[in-house]
Amino acid sequence: MSEQQTDPGPVTPARPAPAGDETLGVPLTPSTELRPALEAVLMVADEPLDPGTLAAAVGHPRDEVEGALAGLAAEYAEQRRGFDLRNVAGGWRYYTREDFAPVVEAFVLDGQRARLTQAALETLAVVAYKQPISRARVSAIRGVNVDGVMRTLLTRGLVEEAGQDGETGANLYRTTGYFLERIGITGLDDLPELAPYLPEMDELGDELAELAADGSASSEDRTGAEHTGDRAETDGE
């Protein structure tokens, strides 16, 4: 006798648990593609972002993020895009490509943003190559008072205080990470070799002593002239 069979009806295949289901103890991960996600985050960043920060933002392992960043940088360079992705000051950020500097310069000079004066650029260069350095020594190198220019550089975040001189007690100054970021280098070792053309610190000490002596002499001359004028006025009376 044949057994009676029951038609079970259409069978719906079991749906596998979604990847990253928290019930399985696996952390959830975003479904976005890695490279576009990195581009989106970097596009809105106002400072260089390190791989760890980017990995946390896009939800991918750090090693994958580092590989994707290197790949993006190489892709932009190969395609000669109008921008680069560079690793500077410990993080990654977009920069305009050097080939298009004249175009960008024309736009900037059109009054879209303030630029540093020649005096500020010269002072910043001295600090960059001789840091940590005091205002007096910067003044000795440039031959002019730099107090106002140094305040500008401090306000813009390009220079910061770096302690005090052990002998004179004068405040010392150095460049900041923001300075490295703005000129597009990773560290001070990447600066062009210009330091040999600047005076040595021993020579600066002699120059400062001469300046101080000249200042004292000028002060005495002015004092003597004032006394002579007083006597002349008395004689006239």
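## Strand pairing

In this predicted model, Ser 134 has Leu 172 of strand S5 as its bridge partner. Ser 134 and Leu 172 sit where strand S3 (residues 133-134) meets strand S5 (residues 171-175). S3 and S5 run antiparallel and are joined by two bridges.

S5 also pairs with strand S4 (residues 159-164), again in the antiparallel sense, and here there are four bridges. Within this pairing, Glu 160 is matched with Arg 174 of S5. S4 and S5 form a hairpin with six residues between the strands. In that hairpin Gly 169 has a positive phi, near 80°.

## Overall architecture

The protein contains nine helices and five strands. Along the sequence, these elements follow the order α-α-α-β-β-α-α-β-α-α-β-β-α-α.

Of its 237 residues, 27% count as buried. The accessible surface is about 16100 Å², and carbon and sulfur atoms account for 51% of that area. Taking contacts between residues at least 6 apart in sequence, 47% join residues at least 24 apart.

## Helix H2

Helix H2 spans residues 51-58, and its buried residues are Pro 51, Leu 54, Ala 55 and Val 58. Viewed down the axis of H2, these buried residues fall within an arc of 100°, so they line one face of the helix. The spacing fits a general rule: an α-helix has 3.6 residues a turn, so residues three or four places apart point the same way. The cover over the buried residues of H2 includes helix H1 (34-44), helix H3 (62-79) and strand S2 (91-96).

Both ends of H2 have a local feature to inspect. At the start, a side-chain oxygen of Asp 50 comes to within 3.0 Å of the backbone nitrogen of Gly 52. After the helix comes Gly 59, with a positive phi near 75°.

## Salt bridges around strands S1 and S2

The count of salt bridges is nine. One of them joins Arg 97 to Asp 84, with 2.7 Å between the closest N and O atoms. This pair links distant parts of the chain: Arg 97 is in the loop between S2 and helix H4 (101-112), while Asp 84 is in strand S1 (residues 83-88), 13 residues apart. Arg 97 and Asp 84 are both buried. A network of salt bridges links Asp 84, Arg 86 and Arg 97.

Another salt bridge forms between the side chains of Glu 181 and Arg 93, at 1.8 Å from N to O. Glu 181 belongs to helix H8 (residues 177-183) and Arg 93 to strand S2, so far as the chain is concerned distant parts, 88 residues apart. Glu 181 and Arg 93 are both buried.

## A salt bridge between H6 and H7

The side chains of Arg 135 and Asp 147 also meet in a salt bridge, 3.8 Å from N to O. Arg 135 lies in helix H6 (residues 135-142) and Asp 147 in helix H7 (residues 147-155), so this pair ties together parts twelve residues apart in sequence. Is Asp 147 buried, partly exposed or exposed? Its relative accessibility is 29%, and Asp 147 therefore counts as partly exposed. The cut-offs behind that label are under 20% for buried and over 50% for exposed.

Key
Residues numbered from 1 in each chain as written. Predicted model: local features only at pLDDT ≥ 70, side-chain atom pairs only at ≥ 80, totals over all residues. Heavy atoms only, no water. Buried < 20%, exposed > 50% of the residue type's maximum accessible area, 1.4 Å probe, protein only. Arc of directions from axis to C-beta. Contact = heavy atoms within 4.5 Å. Polar contact = N/O pair within 3.5 Å; in protein donor to acceptor, adjacent residues only side chain to side chain. Areas by Shrake-Rupley, 256 points an atom, 1.4 Å probe, with all protein chains shown as cover. Salt bridge = Lys/Arg side-chain N within 4 Å of Asp/Glu carboxyl O. Pairing = 2+ DSSP bridges.
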